[in-house]
Amino acid sequence: MAITLNNGFKMPIIGLGVWRMEKNDIKDLIINSIKIGYRHFDCAADYQNEAEVGEALAEAFQTGLVKREDLFITTKLWNSDHGHVLEACKDSLKKLRLDYLDLYLVHFPVAIKHTGVGTTASTLDKDGMLEIDTTISLETTWHAMEELVSMGLVRSIGISNYDVFLTRDCLAYSKIKPAVNQIETHPYFQRDSLVKFCQKYGICVTAHTPLGGAAANTEWFGTVSCLDDTVLQGLAAKHKKTAAQIALRWGIQRNTVVIPKSSKLDRLKENFHIFDFELTEEDMEQIKSIDRKYRTNQPAKFWGIDLYA
């Protein structure tokens with residue numbers, strides 16, 4: 001299954017996120033994922049593993065496992081490179097061993113102190129607060145993103161972690177409309193207003209953290225996973241699926257793209273097998289009732305400032 005973006009390109013509705021994947025494990029995970037059926041991989045300069053993903057992709061192409069045109073590859077501009085968009089994109093392409101990206105996203109709507117292309121540092125000041133660069137506007141960054149499309153380096157461009165106000169602004173100043181807004185959304189953080197706003201104006205929503213972060217965000221941020229919720233557990237029993245499969249199926253039935261992350265082969269298979277059942281309207285309403293407006297990804301822990309406040 002795929003969603004057609006506002007520029008006509010098709011984006012697979014489920015992908016594999018590579019955040020926090022161990023570098024030594026990536027090649028096997030990517031190759032096995034392709035064998036399972038994944039055709040969409042979500043990367044970022046900040047994940048510091050683009051080179052390893054590139055090695056895996058090169059092997060997949062060379063062995064004939066898959067063709068480049070069969071895959072949808074996303075990566076992201078890091079905050080410290082807002083004034084160096086072209087160089088950052090070329091750096092990611094080189095590491096990924098690709099001639100073009102299917103999708104390039106502005107990772108966060110904030111420019112910070114530049115530390116060198118590809119370094120993706122988040123410099124803090126003497127008070128432990130993120131060094132925000134107030135000289136580069138998001139509009140300037142976006143127009144540089146648009147140039148990448150004109151140059152043929154990128155097929156689609158988009159935004160990430162933008163709220164309604166910032167998304168509206170981007171629509172106003174853009175010549176090329178954002179194809180995607182990648183945001184945290186899951187049963188405990190449904191964000192219906194933002195999702196509906198984006199979809200109304202032709203922006204596809206991609207759900208990062210579609211399982212509420214599960215163990216990874218519990219470890220990093222001390223957050224609670226929605227997968228233990230009694231409603232999801234009950235629906236899992238009803239449909240003879242796992243709570244994770246219920247959460248992912250809920251996501252695609254909202255017409256959002258989901259990009260779960262896992263380093264376990266059995267979970268990779270489980271997460272992909274969500275097309276052989278359907279949630280009823282009653283099921284969807286039950287899940288709607290458990291929204292807690294609960295964000296699990298909390299970068300303020302590392303940045304000394306809450307950008308969502």
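This passage describes the cysteines, a buried loop asparagine, one helix and one pocket of a predicted model.

The cysteines were examined for pairing, with a disulfide taken as a pair of cysteine sulfur atoms within 2.5 Å. By this criterion the model contains zero disulfides. For Cys89, the closest cysteine sulfur is that of Cys43, and because the two sulfurs are 13 Å apart, the separation is too far for a bond. Cys226 likewise takes part in no disulfide, the nearest cysteine sulfur, in Cys204, lying 20 Å away. Both unpaired residues are shielded from solvent by the criterion applied here: Cys89 has a relative accessibility of 0% and counts as buried, and Cys226, with a relative accessible area of 1%, is also buried.

A further buried position is found outside the regular secondary structure, at Asn49, which is placed in the loop that runs between strand 4 (40-42) and helix 2 (50-62). The relative accessible area of Asn49 is 0%, so this loop residue falls under the 20% limit for a buried residue. When residues up to four places away in sequence are set aside, Asn49 is in contact with Val18, Met21, Lys23 and Ile26.

Helix 11, which spans residues 281-288, has Asp283, Met284 and Ile287 as its buried residues. Viewed down the helix axis, these buried residues fall within an arc of 100 degrees, and they therefore line one face of helix 11. Such an arrangement can be read against the geometry of the α-helix, in which there are 3.6 residues a turn, so that residues three or four places apart point the same way. The face of helix 11 that is turned away from the buried side carries two exposed residues, Glu281 and Glu282. On the buried side, the elements that cover Asp283, Met284 and Ile287 include helix 8 (230-239) and helix 9 (243-253).

Turning to the open spaces of the model, the second largest pocket has a volume of about 450 Å³. Its lining is made up of 20 residues, of which Asp163, Arg191, Leu194, Arg295 and Tyr308 are the closest to the pocket centre. Helix 5 (164-173) and helix 6 (192-200) each contribute at least two residues to this lining, and helix 6 provides the largest share, with three residues. In chemical character, the lining of the second largest pocket comprises ten nonpolar, three polar and seven charged residues.

Note on methods:
Residues are numbered from 1 along each chain as its sequence is written. This is a predicted model: local features need pLDDT of at least 70, side-chain atom pairs count only at pLDDT 80 or more; totals for chains, interfaces and linings use all residues. Side-chain values use heavy atoms; hydrogens and water are left out. Buried means under 20% relative accessible area, exposed over 50%, partly exposed in between (1.4 Å probe, protein chains only). Helices (H or I, at least four residues) and strands (E, at least two) are DSSP runs, numbered from the N terminus. Contact means heavy atoms within 4.5 Å. The arc is that of the directions from the helix axis to the C-beta atoms. On a 1 Å grid over the protein atoms alone, a cavity is a set of points where a 1.4 Å probe fits but cannot get out, and a pocket is an open set with protein on both sides within 12 Å along at least five of seven lines; lining residues have an atom within 4 Å of a point. Grid points are joined across faces, edges and corners, and a volume is the space filled by probe spheres set on the points. Ala, Val, Leu, Ile, Met, Phe, Trp, Tyr, Cys and Pro count as nonpolar, Asp, Glu, Lys and Arg as charged, and the others, Gly among them, as polar.
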